[in-house]
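These exercises practise reading a protein model with a ligand. Work through each task before reading its solution.

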Amino acid sequence: MARRDPVLVIGLGRFGKALAGELVSLGHEVLGVDTDPRIVQSAMDQLTHVVQADATDAEALRQIGAADFPTGVIAIGTDVQASILATYALVDVGVRKIWAKAITSAHGAILERVGAHRVVFPERDMGVRVAHTLGGRTLDYLELDETFALIETTVPNGMAGKTLEQAGVRKRHGVSVVCVKRPGGRFDYATPDTLINEGDVLVIAGERRRAEDFAALE
Ligand code: ADP
């Protein structure tokens with residue numbers, strides 16, 4: 001998505017409102033749409049353009065100028081029927097790039113069939129991330145696909161005071177350290193000569209199993 005492309009955000013619940021607000025702060029023009037007048041009213045402080053409309057109605061979408069938006073996000077989750085019909089209405093109106101939020105895999109599969117180009121599962125993904133951060137040294141976890149993961153973690157005891165090369169992070173553990181943050185400092189790119197100490201935070205990338213094993217080291 002080119003920077004500042006206008007984005008249509010359908011449904012201003014918790015997910016839609018957070019998404020729309022962040023897009024505005026990134027410099028996008030955002031039009032928020034919701035059926036609930038109270039939600040529309042409260043979103044007006046945060047978003048420049050908010051309209052009350054039923055997004056399942058393609059004609060109503062045309063009237064608010066939806067066809068001029070290259071990108072639309074359907075952020076309706078709870079009401080599965082509305083989410084499906086709104087996705088279909090956006091396809092009908094001719095929005096080129098449609099992203100949609102789904103609650104379950106079946107919901108996601110239907111949205112793809114109907115024409116969503118990308119489906120996101122915020123609740124499911126957050127559940128996975130939280131599960132990984134509950135125990136051990138993992139601070140954050142991002143599954144890139146079924147095989148690869150990016151993990152934010154602390155330094156295993158045996159590696160403190162060594163460079164990444166000496167610690168054999170790549171050779172022995174098969175993971176790549178992307179960047180390192182000193183206590184109170186900022187992230188900096190890692191090289192084989194980067195010295196790691198107790199209290200540092202590492203972001204590692206690697207095959208899921210190996211990255212998880214690395215984050216589980218004592
Ligand atoms: P979250 O879990 O992120 O809060 P919800 O699914 O609960 O998401 O909220 C979705 C939002 O979408 C609600 O504010 C609701 O009023 C709005 N919404 C539901 N149906 C439509 C529709 N047909 N057109 C536009 N907005 C809708």
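**Exercise 1.** Which pocket does the ligand take up?

Solution. The model is a predicted one. Step one: find the space that the ligand takes. Step two: look up its rank among the pockets. The ligand's space is the second largest pocket.

**Exercise 2.** Describe the residues that surround the ligand.

Solution. Step one: count the residues with a heavy atom within 4 Å of the ligand. There are 19 residues around the ligand. Step two: name the closest, which are Arg 14, Phe 15, Asp 34, Asp 54 and Gly 77. Step three: sort the shell by class. It holds eight nonpolar, six polar and five charged residues.

**Exercise 3.** Find polar contacts of the ligand with side chains, using the cut-off of 3.5 Å between N or O atoms.

Solution. Step one: take the ligand's oxygen atoms. One ligand oxygen lies 2.6 Å from an N or O atom in the side chain of Asp 34. For the side chain of Lys 101, a distance of 3.0 Å separates an N or O atom from a ligand oxygen. Step two: take nitrogen. A ligand nitrogen is 2.8 Å from an N or O atom in the side chain of Asp 54. Step three: turn to the covered area. On its own the ligand has 590 Å² of accessible area, and the protein covers 84% of it.

**Exercise 4.** What radius of gyration does the protein chain have, and what would a compact globule of 218 residues have?

Solution. Step one: the globule would have a radius near 17 Å. Step two: the protein chain has 22 Å. Step three: add the spans of the C-alpha trace along its principal axes, about 65 × 35 × 30 Å.

Definitions and conventions:
Residues are numbered from 1 along each chain as its sequence is written. This is a predicted model: local features need pLDDT of at least 70, side-chain atom pairs count only at pLDDT 80 or more; totals for chains, interfaces and linings use all residues. Side-chain values use heavy atoms; hydrogens and water are left out. A polar contact is a pair of N or O atoms within 3.5 Å; within protein, one must be able to donate a hydrogen and the other to accept it, and residues adjacent in sequence count only if both atoms are side-chain atoms. Accessible areas come from the Shrake-Rupley method with a 1.4 Å probe; for residues, only the protein chains shown count as cover. On a 1 Å grid over the protein atoms alone, a cavity is a set of points where a 1.4 Å probe fits but cannot get out, and a pocket is an open set with protein on both sides within 12 Å along at least five of seven lines; lining residues have an atom within 4 Å of a point. A molecule sits in a cavity or pocket if more than half of its atoms lie within 2 Å of its grid points. Ala, Val, Leu, Ile, Met, Phe, Trp, Tyr, Cys and Pro count as nonpolar, Asp, Glu, Lys and Arg as charged, and the others, Gly among them, as polar. The radius of gyration is taken over C-alpha atoms; the globule rule is 2.2 Å times the number of residues to the power 0.38.
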